[in-house]
Amino acid sequence: MSEKMPVTQAIRTLRLHKVAYTECPYAYEEKGGTAASARELGVDEHVVIKTLIMEDDKKQPMIVLMHGDCEVSTKNLARHLKVKHIVPCQPEVANRHSGYMVGGTSPFGTKRVMPVYMQDSIAELGLIYINGGKRGFLISLEAKEAVRVLKPVLLDMANPHE
């Protein structure tokens, strides 16, 4: 590949922690989400992990990691955290907290240190695909490496599928 891959803050963080990863660029699609990136990379959407910046009722931000084909039950998450409610941050607020643009948010190397909550079933996967800090740029790595570096709280907060 002749195109030079970006060295984002996420990539710097992974290198610092000596994490083996593969760069997976794809054609970014506005509002395409994990369905578009999974299709572009030819992988199951379940192993594409979305990085969401949310906040509690005191406006405290957090990183929430969820399977691409699942939704976060903010009610379950709020119950686990013993807060009234949790909502997604507005894009400009999320950008400020993470240092990344929405659509290119990585949980690695965020501008502000935030607690990380990961759907527990993600930790049981082998290879996962997660944002590398830029739109149209995922990285694949072992789920256990993401757990090692991010030290997330593992919770079951996925909305069950009908």
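Biologist: In this predicted model, which helices and strands each supply at least two residues of the lining of the largest pocket?

Modeller: The model is a predicted one, and the pocket in question encloses about 830 Å³ of space. Of the 32 residues that line this pocket, Gly-33, Thr-51, Leu-52, Val-102 and Gly-103 are the closest to its centre. The elements that each supply at least two lining residues are helix H2 (33-41), strand S2 (48-56) and helix H4 (91-98).

Biologist: Which element gives the most to the lining of the largest pocket?

Modeller: By character, the lining residues of the largest pocket divide into 17 nonpolar, nine polar and six charged. The element that gives the most to this lining, with seven residues, is S2.

Biologist: What is the volume of the second largest pocket?

Modeller: The lining of the second largest pocket consists of 13 residues, and the closest to the centre of that pocket are Pro-107, Gly-109, Thr-110, Val-149 and Leu-150. These lining residues divide into eight nonpolar, four polar and one charged. The volume of the second largest pocket is about 200 Å³.

Biologist: Is His-97 buried or exposed?

Modeller: His-97 lies in helix H4, and, leaving aside its neighbours within four places in sequence, His-97 is in contact with Ile-53, Pro-61, Cys-89, Lys-111, Arg-112 and Met-114. A residue counts as buried under 20% relative accessible area. Because the relative accessible area of His-97 is 11%, His-97 is buried.

Biologist: Which element provides the largest share of the largest nonpolar core?

Modeller: The largest nonpolar core has 27 residues, and those with the most contacts inside it are Leu-65, Phe-108, Ile-128, Ile-130, Ile-139, Leu-141 and Ala-146. Two or more residues of this core come from each of helix H1 (9-16), S2, strand S3 (61-67), H4, strand S5 (116-119), strand S6 (127-134), strand S7 (137-142) and helix H5 (143-150). The largest share of this core, four residues, comes from H5.

Biologist: Leaving aside neighbours within four places in sequence, which residues is Leu-141 in contact with?

Modeller: Leu-141 is one of the residues with the most contacts inside the largest nonpolar core. Leaving aside neighbours within four places in sequence, the residues in contact with Leu-141 are Leu-14, Val-19, Ala-20, Tyr-21, Phe-108, Gly-126, Leu-127, Ile-128, Ile-130 and Ala-146.

Biologist: How many residues does the second, separate core have?

Modeller: Met-62, Met-66, Leu-77 and Val-83 are included in this second core, which is separate from the largest one. The number of residues in the second core is 14.

Conventions: Residues numbered from 1 in each chain as written. Predicted model: local features only at pLDDT ≥ 70, side-chain atom pairs only at ≥ 80, totals over all residues. Heavy atoms only, no water. 1 Å grid on protein atoms, 1.4 Å probe; cavity = no way out; pocket = protein on both sides within 12 Å on 5 of 7 lines; lining within 4 Å. Points joined across faces, edges and corners; volume = space filled by probe spheres on them. Nonpolar A, V, L, I, M, F, W, Y, C, P; charged D, E, K, R; others polar. Buried < 20%, exposed > 50% of the residue type's maximum accessible area, 1.4 Å probe, protein only. Contact = heavy atoms within 4.5 Å. Core = buried A, V, L, I, M, F, W, Y, C linked by side-chain atoms within 4.5 Å.
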